[in-house]
Amino acid sequence: MSIVQRITRPRFLATAGLLGFVAWLGAFVTHELRTPGLVDAAGLVVGRDFMGFYGAGTVVAQGQGRSLYEPAVQQRAQAQVLSPEKQQGYFYSVHLASVAVAYAPLARLPYRLAFYLHTLLMAGALLLSTMALRPCLPRLGSRWRSALLLC
């Protein structure tokens, strides 16, 4: 049996997916526990690029949507969220304004809570999309859970 045949067996893929998920979850929890504030020791904000979405939502929630794409406005919004901490650089939102509008309700929540909720929503979207693809990929059969873990 070749190496490709071995590593593409359903049992191997399911185990690899589960181990990868457990490793990711462990790293996520460890990082969260080691970062009491919103900025870690390297000067990077918890959630990394989520700050761009949250900051854009904050701009809209504060009624400054017309100024959304002005860097100084986004910097000010992110600095307010993190105060008194400071991050290294900024995560500018360059997405459509509708994305900022969609994130405005999350921006009304405390940052870390919004980040956790966002993470759960994205995991739910992955689960739903994988389930929606099942009929289109009949060869997956009962192995759709393995495909989900690998994603």
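**Patch, rings and salt bridges**

Trainee: In which helix is the place of Leu-149?
Mentor: The model is predicted. In it, residues 144-150 form the helix that holds Leu-149. That helix is α7.

Trainee: Is Leu-149 buried, partly exposed or exposed?
Mentor: Its relative accessible area is 31%. Buried needs under 20%, and exposed needs over 50%. The value falls in between, so Leu-149 is partly exposed.

Trainee: Which helix gives the most to the nonpolar patch?
Mentor: The patch covers about 730 Å² of surface. Its members include Leu-18, Trp-24, Leu-33 and Leu-149. One helix, spanning residues 10-34, supplies seven residues. The top contributor is helix α2.

Trainee: What kind of aromatic pair do Tyr-90 and Tyr-92 form?
Mentor: The whole structure holds twelve aromatic pairs. For Tyr-90 and Tyr-92, the centres are 6.1 Å apart and the planes differ by 40 degrees. Stacked needs under 30 degrees and edge-to-face over 60, so neither label applies. The pair is tilted.

Trainee: What relative accessible area does Tyr-92 have?
Mentor: Tyr-90, its ring partner, is partly exposed at 38%. Tyr-92 is partly exposed as well. Its value is 38%.

Trainee: Which Trp belongs to the aromatic cluster?
Mentor: The cluster includes Phe-21, Phe-28, Phe-50, Tyr-103 and Tyr-116. Phe-21 also belongs to the nonpolar patch. The Trp in the cluster is Trp-24.

Trainee: How many residues apart are Glu-32 and Arg-112?
Mentor: These two form a salt bridge, with the closest N and O atoms 2.5 Å apart. It links distant parts of the chain, from helix α2 at Glu-32 to helix α6 at Arg-112. The gap along the chain is 80 residues.

Trainee: Is Arg-112 buried or exposed?
Mentor: The cut-off for buried is under 20%. Glu-32 counts as buried at 11%. Arg-112 has 16% relative accessibility, so it counts as buried.

Trainee: Which residue forms a salt bridge with Asp-40?
Mentor: The count comes to two salt bridges. In the one with Asp-40, the closest N and O atoms are 3.2 Å apart. Asp-40 is buried at 13%, whereas its partner is partly exposed at 30%. That partner is Arg-48.

Trainee: What distance separates the C-alpha atoms of Leu-120 and Gln-74?
Mentor: Leu-120 lies in helix α6 and is exposed at 62%. Gln-74 is 46 residues from Leu-120 along the chain. Their C-alpha separation is 25 Å.

Terms used: Residues numbered from 1 in each chain as written. Predicted model: local features only at pLDDT ≥ 70, side-chain atom pairs only at ≥ 80, totals over all residues. Heavy atoms only, no water. Patch = residues over 30% accessible without salt bridge, like charges linked within 9 Å, V, L, I, M, F, W, Y side chains within 5 Å. Areas by Shrake-Rupley, 256 points an atom, 1.4 Å probe, with all protein chains shown as cover. Salt bridge = Lys/Arg side-chain N within 4 Å of Asp/Glu carboxyl O. Helix = DSSP H or I, 4+ residues; strand = E, 2+ residues; numbered from the N terminus. Buried < 20%, exposed > 50% of the residue type's maximum accessible area, 1.4 Å probe, protein only. Phe/Tyr/Trp six-rings, centres within 6.5 Å; stacked < 30°, edge-to-face > 60°.
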